[in-house]
Amino acid sequence: MNGARFTAVQRLLHWVMAICILSMLFIGVGFASTITPKYLPLVATHKTLGIAILVLALIRLGVRIRSGTPPLPADLPEPMRLAAHLSHYALYALMIAMPLLGWGMLSAADYPVVLFGGIRLPQILPLNATLHTLLWDAHFYLAFAFYALILLHIAAALFHALVRRDGVFESMAPTPSHAKVAAAE
Amino acid sequence: MTRPSLLPEKGAFGSLALIAVVVVVAAGLFAYTAGWLSPDRLTPAKMVAAFAPSGGAALGHRRNHAKGICFTGEFDANNNGVELSRAQVFANGQYPALGRFNLGTADPSAADATVRVRGMGLQITTPDGEAWRMAMIDLPFFPVSTPEAFYELLKASGSKDPDAMKDFAAAHPEFAVFGAWAQSAPWTASYAEERFSSIDSFTFSNGSGAEHVVRWSLLPQAQVVPITQSELAKLGPDHLAQEIAERVAKAPQRWTMAVTVADPGDQTSDPSKAWPADRRSVTVGTLIVQRIEPERDGPCRDINFDPTVLPNGIRVSDDPFPAARSAAYARSYNLRTAEVRDYPYHLATATGAQQ
């Protein structure tokens, strides 16, 4: 690989969102399995973080369309190339869909959606039990698919970093550009 | 064999093992957080399952307080509550109210006289977009001190062990107060004659930021006519729903909302401990119930009266129950809204039957 990297803005967005999304998934399965008082702050954090992720994901999509991505290594086998493309489409789709499903599911149950600071979001769907169930199921099952996809993403990133050593990991690594980690190989 | 490999030969095994460890540990942490590795964790699912009668839960219905009837009306605030909370609901004015009278049973077809505890779900909405939801019951305290004890109570009452309830009562002395109430408190033949209480404490914050821990009650303006359990039984299994529909059709029914303010040092985290009777009480308004509708197609049916849906100016206190109730109510709501086919809409209007 030629050492081309994602832009600093793209790398910042990636790592900030990585922390947000991982926290989000753990908070989600965490609050759903407890009746202790921490249930309420976890739910409030989940809603607030979810909207933050939606906003960041839309910004990130715009940045990606503008800045593009570094090319994958020319010697990357076709199945891995395809997996890389498909998994990134899926990650973007989930980053945008999950918050919308959550917001829609709360709206369809007529729950007020209140974020930190008392910010109240509008109801985006009418009260409807069937719609609520559909959206809730999607939100629930896609959360596990999302985490599985993230594990695959981490495994692939480490595979690039440790096994192939082809600069793909370094192109998104949370290090400043002048480090030129990739150039060493 | 010189098959082209995706893997460089040297050191690859160690790297792959490291990747596998990372993935397995990450999956394990997730499973732990989700409670899959902790079978003893008291989850909302376990709590809700514990309500189910031996024959199984009534599909499509609330998992507790399953028998109920919808009402609508308004809350007429008198401005007295403004000193306690900045929520708009206390400022002079009339605000739409939606609620549900109910019986504390998991069986939606239980006969009225077989159910000792009655409840009211209530939502008041204000023009600023805020909603205040409450789930109250007709005794001024809760039978047990903690959500965990409540789970044990549910397990004991559903147990085949003849000593289960005796053992539970021995381990939870606060439960005796409920036992005494259940034995001695009079029954009534009308929801309109019931006093409904918040049970849990909440923290009110006023416009200057001062905070007070409070509980509240809705005191019936209708005259209370005590009757016995057997007299109620003779009135029929669904008397309460029929009676409130007839009574409200004749005239709106009213409850006075009284907010009781804790003194410093009062037990705010334990709803089984009533506060002394001399605590300051502020009358903040009147609930006026104007219309009754059967639950099946009524406006309360698909509302979760989650007591942690609170306007700005009211928040939870150190009482652990509202969080537990919120978690369990959400579970119940998710279950029943997925079971609409077991409790379909529109039958009441089609047959004209009384629910």
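The exercises below concern chain B of a predicted model and its contact with chain A.

**Exercise 1. Describe the overall make-up of chain B: which elements, what extent, what share of buried residues?**

Solution.
- Step 1: The secondary structure of chain B consists of nine helices and 10 strands.
- Step 2: The C-alpha trace spans about 95 × 50 × 50 Å along the principal axes of chain B.
- Step 3: Chain B has 355 residues, and 42% of them are buried.
- Step 4: Take the contacts in chain B between residues at least 6 apart in sequence; of these, 74% join residues at least 24 apart.

**Exercise 2. Work out which parts of chain B touch chain A, and what kinds of residue they offer.**

Solution.
- Step 1: Count the residues on each side: 42 residues come from chain B and 31 residues from chain A.
- Step 2: Assign the chain B side to elements. Helices α1 (12-33), α2 (44-49) and α8 (321-337) of chain B each supply at least two residues.
- Step 3: Find the main contributor. With 11 residues, α1(B) gives the most to this side.
- Step 4: Sort the chain B side by residue type, which gives 29 nonpolar, 11 polar and two charged.

**Exercise 3. Place strand β6 of chain B among its neighbours and state which of its side chains are buried.**

Solution.
- Step 1: Read the alternation along β6(B), residues 202-205. Phe202(B) and Phe204(B) point to one face and are buried. Thr203(B) and Ser205(B) point to the other face and are not buried.
- Step 2: Take one pairing partner. Strand β7 (residues 211-220) of chain B runs antiparallel to β6(B), with four bridges between them. Within this pair, His212(B) of β7(B) stands opposite Phe204(B).
- Step 3: Look at the connection. The hairpin of β6(B) and β7(B) has five residues between the strands, and Gly209(B) takes a positive phi near 90° there.
- Step 4: Take another partner. Strand β10 (residues 314-316) of chain B also pairs with β6(B) in the antiparallel sense, over three bridges. Here Val316(B) is the bridge partner of Phe202(B).
- Step 5: Combine the steps. The buried Phe202(B) and Phe204(B) have bridge partners in β10(B) and β7(B), respectively.

**Exercise 4. Which residues of helix α3 of chain B are buried, and what covers them?**

Solution.
- Step 1: Apply the cut-off: a residue is buried if 20 or more other C-beta atoms lie within 10 Å of its own.
- Step 2: In α3(B), residues 147-157, the buried residues are Pro147(B), Phe150(B), Glu152(B), Leu153(B) and Leu154(B).
- Step 3: The cover over these residues includes α4 (164-171) and α8 of chain B.
- Step 4: Relate this to Exercise 2. Helix α8(B) is part of that cover, and α8(B) also supplies at least two residues to the side that touches chain A.

Definitions and conventions
Residues numbered from 1 in each chain as written. Chains lettered and ligands numbered in written order. Predicted model: local features only at pLDDT ≥ 70, side-chain atom pairs only at ≥ 80, totals over all residues. Buried ≥ 20, exposed ≤ 12 C-beta atoms within 10 Å, placed from the backbone. Contact = placed C-beta atoms within 7 Å. Nonpolar A, V, L, I, M, F, W, Y, C, P; charged D, E, K, R; others polar. Pairing = 2+ DSSP bridges.
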